[in-house]
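Here is a friendly walk through some helix and sheet packing. Please have the sequence and the 3D view open as you read.

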Amino acid sequence: MISYRERGILQPQAKRSEYFIAFTIITQMSQPEAFSRILIDKALELSGWDLLNPQQIQFEQHTETGRADYLLKDSFGRVLCVLEAKREGLDPYDAKEQARGYAEQLNAPLIILSNGREHWFWNYERAVQRDAYRIERLPSRDDLERARLKNLQPPRPLGSEVITPEYLRQLKHDLTLRRYQIRAMDEVARLFDTQGLRKFLLEMATGTGKTLLCAALIRRFLMSRNAERVLFIVDRIELARQTIEDFAIVLPEFKPVIYKTARRTGELLGSSVVIATIQSLLTDRRYRDEFTPFYFDLVINDEAHRSIYGDAREVVQFFQATRIGLTATPKAYLKNVDIEKLAEENPKALEARQLRDTYHYFGCKPGFPTFRYDIIDAVKDPEGPFLCLPKIFDFRSDITTKALAESGWAVVINEQEESFKIQDLEKKIFTPTRNRLMCEAFLKEAQKDPAGAIGKSIVFAVNQTHATNLTKIFNELQPGIALTITSRIPEASVLAKEFRDGKRSERIAVSVDMLSTGYNCRDALNIGLFRPVFSPTEYIQIKGRGTRRYTFMIGHTAYEKSCFYLLDFCAVAEYFEDQYDYSVPLKVPREKKSSVATDSYTQGDGPHSVAAEGQSEPPAREKPSRVIPIWEGIDTLVSQEVRIVGPNGEKVDIMTFRGGYERDIKEFVAQTPILKAAVEAEDDDAIETILNERFYHRPEMYYSPDKLIVSYGVPATTPAFVYHALGRKPLPTRDAIVTDTVDSIAARFNLRYSEQKWVVATAQLLAEDSTALHRFMSGDMTLFTASQFNQLGGVSALARFEDREQVFEALRQSTLVRQSLIAISPS
């Protein structure tokens, strides 16, 4: 076929107008592959290739097996990569073997497959890269040369960099990794090494050490050479500064820097770890000018639910790297949605949901991250607890009670009656007496620290004006007790850090949104909600400011922080416990062209459905002509209730995968008489059969045995999960399942005490380590050289275990091992 260049349709360096003319000509000529090549040319130019330089690109090279469309060359003129072009209507992936034939004849180690819209990259010489994978941007020449260099010095398996609790102690003696942090990293390594996955989502509660986990994970990637350069994306410069403090300790030899300052000082070139805000990368689209698509090998998104759509998505997709998302509150836009039905009825609506769904973006099924560790896990962890739950104080004033009612708070303004809802207070009407009442109640009831002073506190106001007014009242009531920390205050980030580190005398920080995410104030004892909240994500984030554990030292005496006080003046806790409808799919907002990392979708029900995710409600358009009235009347406290949150948390804490499962299985049992009868009779076989046929793998949440095992962290059976959800039997712990398994095998084979200890050590290892489980199933006896077996006498002692083959086969057939295998089998 004669190329479009030979037909004189378009020169490679054509301008945009010329591309449009070419599009018209080619459409008339019905040459779809020619149009694809126009798009490919443009994509190559965007990645820095000079299409007119034959030392960089050669077109249409004939080989013994056919014609190679593009040859991309290195700085010595050697062929680096074969780019195979297909017309737009074809899937370029199907040309994979065709392109490999060309590449092998030309000694090119790399392959790109493209139809102009969709690109695939294949480093086929690397044994670990078994297949081509989708990329958003074409690589630059430097990118391809780096890829070839990696072929000459291939990285080790990620899991070969062994992580133990003491992994970071060489850098700082008191740094200890927790078991759940190691499990999260090992799960990433397992999927990276065995399944070739390159997208991961870690859903972890606020306060569970995501930054330390990330630092250790980055170190693992760098030490195993699976990454040379890492980009860590945060959504505020304050978080960047906070992160650099931790990274400087854990990753000193990799010279971590903040992009905003390092790009000006020249430090960027010598750094392997770059911390950046989305805003700094987006400014003047400098990420395109200063980096190539493959510059970073690993990109980590902190608060991932806010940085994967709008303009932020453009930045994240530019970099063709392994992607890891971190968040306590992923956006589940596909939750409670029949995906197949929506795809048929409104594919554009489905696409809009997929674009914003955090799970989908990181390659996970709806509601099911790579690894989850929520607040309930942290509170119940047998090695913990690692977080604490709130003691909730529900205060209702007369104005608040009326504003919460359906009819609202009726007030006569300028001889005309107006009605105000709870979300209108301090926006459409000022209520100074209510503000003073709330401040007085807060100071009276707030938790005291062990020294007897009011505990460090964070109060969340409606807006910046409200925050200033509250600070004035607090300081009138108790001089010097409060300060305002909002974006309107000069050096606000410095104030926030000084308040966190105990370098200020004030005990109360009054804010709006600035301290609601990523602010690590471990000794905070009180959280004040002086504004309504209608978004579960925002509520969980705000509560997260108080959940961290802390040890107070008074002299030589230690006092543990066991709970924090949540002083709620707007019925927020009640709203999420009794009124919020968790079964309603989230509403997809319209994209805001000016947004960078904005989070503004609406969701909810009833009178609060105007609320926004990530802020208390959508910012209203100001009307300068309207003077906001001030209520001069009095307000009184009409009710006060105290509720201690139990170890199972609030409803909002559990409405994740597990919460959704427990809700849905109860409903399914109630609606299915045959299953209800099986549960009553404890007929485990019938329960298993019915759920496999009629409940699992439904399009709304895709429940399945493997997901339940991973989500609960227990290798239990389907009936056990059902009994637990219905409250009939407690879910057995992992240790209990191990013990039952060992006792059963010991009784069956009449094992001696020394032999039973071998089975105990083996069963415990298999329950905790998926790699060890695979080795055990394959009969790899080197498994027993691990340290825990040395205490039992090592391999020589195992050789004296006469019935070991039969015992280990029984262990392989046990429920413990079978259910553990289900959890790690690719679905």
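Axes are lines fitted to C-alpha atoms, for helices over the stretch in contact, with angles from 0 to 180 degrees between N-to-C directions. Helices (H or I, at least four residues) and strands (E, at least two) are DSSP runs, numbered from the N terminus. This is a predicted model, where local features need pLDDT of at least 70, side-chain atom pairs count only at pLDDT 80 or more, and totals for chains, interfaces and linings use all residues. Residues are numbered from 1 along each chain as its sequence is written, and side-chain values use heavy atoms, leaving out hydrogens and water.

Let's begin with a helix pair. The axes of helix 28 (residues 734-749) and helix 29 (residues 753-768) come within 10 Å, crossing at roughly 145°. Their crossing is right-handed (the near helix is turned clockwise from the far one by less than a right angle). Contact (heavy atoms within 4.5 Å) involves residues including Val 738 and Val 742 of helix 28 and Val 759 and Ala 763 of helix 29.

Now to the sheet. It is open, with 7 strands in the order 9-10-8-11-12-7-13 and parallel pairing (at least two DSSP bridges between two strands). Its edges are strand 9 (257-258) and strand 13 (371-373), each pairing on one side only. Strand 8 (residues 230-234) and strand 10 (residues 273-277) run parallel, joined by 5 bridges; Leu 231 has Val 274 of strand 10 as its bridge partner.

Two helices touch these strands:

| Helix | Strands touched | Angle |
|---|---|---|
| Helix 6 (residues 210-223) | strands 7, 8, 10, 11 and 12 | about 170° to strand 12 |
| Helix 7 (residues 237-250) | strands 8, 9 and 10 | about 160° with strand 10 |
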